Amino acid sequence: MDSNALNAFLQKQIDQGHESEWIEWKHNNEDPQELGEYISALANAAALHRESSGYIIWGIDNASHKIVGTTFKPKQAKKGNEPLESWLSRLLNPRLHFRIHELIHDGKPVVICEIPAASHMPVRFSGEEFVRVGSSKKKLKDYPEKERALWQIFRGDRFENGIARPSVDADDVLGFIDYPAFFDLLKQTLPDNRRGILQRLIQEDVIREHSGDRYDVTNLDAILFAKKLDSFSPLARKAVRIILYKGSDRINAVKELVSPRGYAVGFEGLLEYVNDQLPQNEQIGQALRRNVGMYPQIAIRELIANALVHQDFLLSGTGPLVEIFTDRIEILNPGTPLIDPLRFIDEPPQSRNEILAALMRRMNICEERGSGIDKVVFSVELYQLPAPDFQVTSNHTKAVLYAPKKLSRMDIND
């Protein structure tokens, strides 16, 4: 939220005259341990109440409900020799991208800690889960009915429905996302006014009305249509990385690129960049020479599309990765497959991210027919390459395409 939105939000809380289970008022309490416990409690309480965020507000008197100001300066505070924000983040599991705002309201200093709602599991601090009960912070394990309710919400929630950035004004919504590409990819006419554009985005559930002229940007919108994924801090690590190596190992990296755009609006550019880095073979026709890629473009396209669509977005600290070596290309995505790799060809398709997959199918980026791997295998055979390899680790799935090999150099697996 910008300063105007923060002041409007703060005034609304004062006008209401009371706390809620996802909003805590404080004066000058600076205890780091208690602050971490409150972050856990408010993240879990916000999820229970279907709020996008919870908040701690310093500078409001609990009794009079008036702005009294605060001396707490969290950006300067430390726990031991470690900055307070870093210490709090390290002890939260899963990590939260909470944000601390310092502002002046009615001439008095106020601090607001904006805490994303828990998304796929209860948030712990220092190994303990907390929740708000009324205006009190309690251990979640002491309230099994709330714990059950939380897990029911997590089981029913999908990544795509989560909020990447809450309470954004209309101009920023249209500034953060490439909305002309949205309409172009869906082959729809671009409305001639801002309200028409926003209404169409709401109908597709890529943004949601928040209050007034403010909107929540969903994960679906951000991951597919963001101009820059790092504008949405929870999704910044989901940007695709491409690394080119000199040789067949990871010792010498020649170049690295992080694709900054959302998957849908950046897909064709991503494919073009990857194909430009791959070795070329020269073919001589009757009159002209032409360069042909060592790997079939359809195989590259299908494997990258699969990595984007079928990844597990709930795994933090990792994202899709394309690594190019002299003798192979490896495409890695977070999450283990829902289908045994030995059955990729003949098993019916199954998607981990159904809403995202359906929208990407409408944009002709993926098919949802289960024919992608068939195309990969067929094109690899047509190019007379070794068979593709699909590997599964504890948290990732890797697809490997190999460069041409002489028969004498192939082993039994090849």
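Is Glu330 buried or exposed? Select Glu330 and take a look: at 7% relative accessibility, Glu330 counts as buried (buried means under 20% relative accessible area, exposed over 50%, and partly exposed in between, with a 1.4 Å probe and protein chains only).

Before moving on, a word on what is loaded. This is a predicted model, in which local features need pLDDT of at least 70 and side-chain atom pairs count only at pLDDT 80 or more, while totals for chains, interfaces and linings use all residues. Residues are numbered from 1 along each chain as its sequence is written, and side-chain values use heavy atoms, with hydrogens and water left out.

**Stop 1: around Glu330**

Now add Lys398. Glu330 makes a salt bridge with Lys398, with 3.3 Å between the closest N and O atoms (a salt bridge is a side-chain nitrogen of Lys or Arg within 4 Å of a carboxyl oxygen of Asp or Glu). Glu330 sits in strand β19 (residues 328–334) and Lys398 in strand β21 (residues 396–402), so the pair ties together parts 68 residues apart in sequence. Helices (H or I, at least four residues) and strands (E, at least two) are DSSP runs, numbered from the N terminus. Lys398 counts as buried too, at 18% relative accessibility. Widen the selection to Arg250, Glu323, Asp327 and Arg328, and you have the residues that a network of salt bridges links with Glu330 and Lys398.

**Stop 2: helix α7 and its partners**

The structure holds 24 salt bridges, so pick two more to visit. Select Asp171 and Arg194, whose side chains meet in a salt bridge at 2.8 Å, N to O. Here Asp171 belongs to helix α5 (residues 170–176) and Arg194 to helix α7 (residues 194–203), so distant parts of the chain, 23 residues apart, are linked. Asp171 is exposed, at 53% relative accessible area, whereas Arg194 is partly exposed at 37%.

Step along to Arg195, whose side chain meets that of Glu209 in a salt bridge (3.5 Å, N to O). This pair links helix α7 to strand β12 (residues 207–211), with the two residues 14 apart. Arg195 is partly exposed, with a relative accessible area of 41%.

**Stop 3: two hairpins**

Stay with β12 and show strand β13 (residues 214–218): the two run antiparallel, joined by four bridges. Strands pair if DSSP finds at least two bridges between them. Click Ile207 and you will find its bridge partner Val217 in β13. Two residues lie between the strands of this hairpin, and Gly212 takes a positive phi near 60°.

Then jump to strand β9 (residues 128–133) and strand β10 (residues 136–139), an antiparallel pair with four bridges. Arg132 has Lys137 in β10 as its bridge partner. This hairpin also has two residues between its strands, and Gly134 in the turn has a positive phi of about 65°.

**Stop 4: Ile39**

Select Ile39 in helix α2 (residues 32–48). Ile39 is buried, with a relative accessible area of 1%. Leaving aside residues up to four places away in sequence, Ile39 touches Ile56, Leu88, Leu92, Leu96, Cys113 and Ile115 (contact means heavy atoms within 4.5 Å). Put a distance label on Ile39 and Leu88: their C-alpha atoms are 8.9 Å apart, with their positions 49 residues apart along the chain.

**Stop 5: a surface patch**

Finish at Phe378, Leu382 and Tyr383, which make a nonpolar surface patch of about 340 Å². Patches are made of residues with over 30% relative accessible area and no salt bridge, joining like charges within 9 Å and nonpolar side chains (Val, Leu, Ile, Met, Phe, Trp, Tyr) within 5 Å. Accessible areas come from the Shrake-Rupley method with a 1.4 Å probe, and for residues only the protein chains shown count as cover. Leu382 is in helix α12 (residues 372–382) and is exposed, at 60% relative accessible area.
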